[in-house]
Amino acid sequence: MAACAAARWGWRRLGPPELAPLLRGLHTQIRRGSPPPAWLHGNAPRGAPLRPRLVPRLPPARSQSSAAQVLPPAAAPPPDLGGAVPGGELAEVPELGLVELGLGSSTPVGLIQNLLEFLHADLGLPWWGAIVAGTVTARCLVFPLIVKGQREAAKLNNHLPEINQLSQRMQDAKRSGNQFEFSKSYSELILYQKAHDVNPIRGFLVPLVQAPIFISFFIALREMAALPVPSMQSGGLAWFVDLTAADPLYVLPLVVTGTMVLILELGAESGVDNPNLKMMKTVFRVMPLVILPLTISFPTAIFTYWLTSNLFSLVQVGLLRVPAVRTWLRIPNHIQHDPALLPPRQGFVRSLQSGWKDAQLAQQLHERERRVKNHLALAAKGPLRQTFSNNPLQQEGGAGSPGSSPRPKRPWQDTLG
């Protein structure tokens with residue numbers, strides 16, 4: 001309001017011809033950055049003609065909330081990368097660890113991820129080299145169990161005729177329902193196994209130990225590829241540079257399937273002549289071909305581990321077939337038995353049929369025992385039930401009289417239930 005009053009007063013006092021040059025000079029001094037004239041602050045010298053005091057009109061101040069709505073947010077300052085980089089090159093950003101990416105923990109899967117990160121980050125191996133080195137390390141730790149499995153398979157093969165004879169006696173006694181003979185054969189079999197330190201269950205030790213290791217490696221590599229870990233996208237080899245993607249040429253899936261078939265045929269993990277695993281071996285022959293369509297799209301990081309493990313198994317079975325190595329590891333030699341002393345080999349279908357018949361026979365024997373126990377329980381509680389066809393105490397008109405009840409053909413069926 002004061003500025004408007006001063007402008008009206010100056011317009012009436014000086015008039016347009018004198019006020020226009022004054023405004024132009026004021027505009028020029030403000031643009032050049034020179035201090036404003038003294039008459040603008042009311043410091044005009046005495047005797048000078050009175051000139052109006054112009055007060056610049058500032059826009060009204062906005063509230064903090066309205067200013068925040070209109071003005072854009074201030075951009076954050078760029079991060080300090082350690083000063084200027086000579087030559088205009090960009091500074092190398094350090095790679096994030098698996099912990100920062102949400103991986104790595106105290107679980108078996110996390111421990112394997114930490115092992116792979118140690119081999120890659122601390123030892124400087126590429127990711128494919130870290131996977132190979134980690135696989136070889138894990139297989140070397142399991143090698144003593146492989147040797148123990150070979151010893152148990154050799155001992156079981158050397159005592160196979162006697163074990164089969166006692167087992168056959170047990171099956172015959174079970175089919176005939178002779179509980180005494182079955183218990184006697186079972187006791188003899190247990191005593192024979194303890195005397196010769198033979199335990200067929202030990203043959204399953206190696207698969208039970210290797211299965212958790214394989215599953216842990218599989219889950220660890222799948223999580224790292226699904227995230228993905230940035231450096232794994234260029235940590236491959238040859239045609240599979242990206243370890244987080246599937247094999248574009250399908251070479252690794254086919255090679256892994258072929259090596260799996262060789263391992264099952266050679267018995268690289270548990271011994272060739274282990275009779276307890278022959279049925280499993282027959283079933284596993286078909287598994288590589290069945291799972292090939294399901295695993296063909298897996299990341300190449302998983303196939304790198306899988307192929308390394310299979311090649312280690314093939315080298316292992318070749319090493320364990322050397323006589324000097326078997327002697328040094330105290331693995332007994334396999335005895336070649338007369339085929340007449342061994343049970344005849346049955347096909348897969350025949351084995352299933354025989355097992356089904358044995359299961360049916362066992363069910364019938366169990367039902368028979370249940371009915372006998374039920375009969376004894378009813379006889380002990382009373383009252384007594386008639387188990388004969390003719391009661392001499394109730395003879396009235398003879399057996400052939402018209403009033404007599406018909407004679408049951410098999411009266412004991414009522415007692416057995």
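Q: How many cavities of 30 Å³ or more does a search of the whole structure find?

A: Just to be clear, we're looking at a predicted model here. The search of the whole structure turns up 1 cavity of 30 Å³ or more. The volume of the largest cavity is about 40 Å³.

Q: Which residues line the largest cavity?

A: Its lining is made of Pro 253, Val 256, Thr 257, Met 260, Pro 288, Ile 291, Leu 292, Thr 295, Phe 303 and Trp 306. Now look at where they come from: helix H9 (251-266), helix H11 (287-295) and helix H12 (300-320) are the elements that give two or more residues to this lining. As for chemistry, the lining divides into 8 nonpolar residues, 2 polar and no charged.

Q: H9 and H11 pack together, so to speak. At what angle do H9 and H11 pack?

A: Here's the general idea: two packed helices are described by the angle between their axes and the distance between the axes. In this case, H9 and H11 pack at about 160 degrees, and their axes are 10 Å apart. Angles over 145 degrees count as roughly antiparallel, so H9 is roughly antiparallel to H11. Their crossing is right-handed.

Q: Which residues make that contact?

A: From H9 you have Pro 253, Leu 254, Thr 257, Met 260, Val 261 and Leu 264, and from H11 you have Pro 288, Leu 289, Ile 291 and Leu 292. Sorted by class, the contact of H9 with H11 has 9 nonpolar residues, 1 polar and no charged.

Q: Let's try another pair. At what angle do the axes of helix H4 and helix H5 cross?

A: The axes of H4 (residues 108-122) and H5 (residues 127-158) cross at roughly 130 degrees and come within 9 Å. That angle makes H4 oblique to H5. H4 passes H5 in a right-handed crossing. On the H4 side, Leu 115, Leu 116, Glu 117, Leu 119 and His 120 meet Trp 127, Ala 130, Ile 131, Ala 133 and Gly 134 in H5. By class, that contact has 7 nonpolar, 2 polar and 1 charged residues.

Q: What about the backbone: is the peptide bond from Leu 227 to Pro 228 cis or trans?

A: First, the background: most peptide bonds are trans, and most residues other than glycine have a negative phi. The bond from Leu 227 to Pro 228 is cis, with omega near -10 degrees. You'll find Pro 228 in the loop between helix H8 (205-226) and H9.

Q: And is the phi of Asp 197 positive or negative?

A: Asp 197 has a positive phi of about 55 degrees, although it is not a glycine. Look for Asp 197 in the loop between helix H7 (179-195) and H8.

Note on methods. Residues are numbered from 1 along each chain as its sequence is written. This is a predicted model: local features need pLDDT of at least 70, side-chain atom pairs count only at pLDDT 80 or more; totals for chains, interfaces and linings use all residues. Side-chain values use heavy atoms; hydrogens and water are left out. On a 1 Å grid over the protein atoms alone, a cavity is a set of points where a 1.4 Å probe fits but cannot get out, and a pocket is an open set with protein on both sides within 12 Å along at least five of seven lines; lining residues have an atom within 4 Å of a point. Grid points are joined across faces, edges and corners, and a volume is the space filled by probe spheres set on the points. Helices (H or I, at least four residues) and strands (E, at least two) are DSSP runs, numbered from the N terminus. Ala, Val, Leu, Ile, Met, Phe, Trp, Tyr, Cys and Pro count as nonpolar, Asp, Glu, Lys and Arg as charged, and the others, Gly among them, as polar. Axes are lines fitted to C-alpha atoms, for helices over the stretch in contact, and angles run from 0 to 180 degrees between N-to-C directions. Angles under 35 degrees count as roughly parallel, over 145 as roughly antiparallel, 65 to 115 as roughly perpendicular and the rest as oblique. A crossing is left-handed if the near helix is turned anticlockwise from the far one by less than a right angle, and right-handed if clockwise. Contact means heavy atoms within 4.5 Å.
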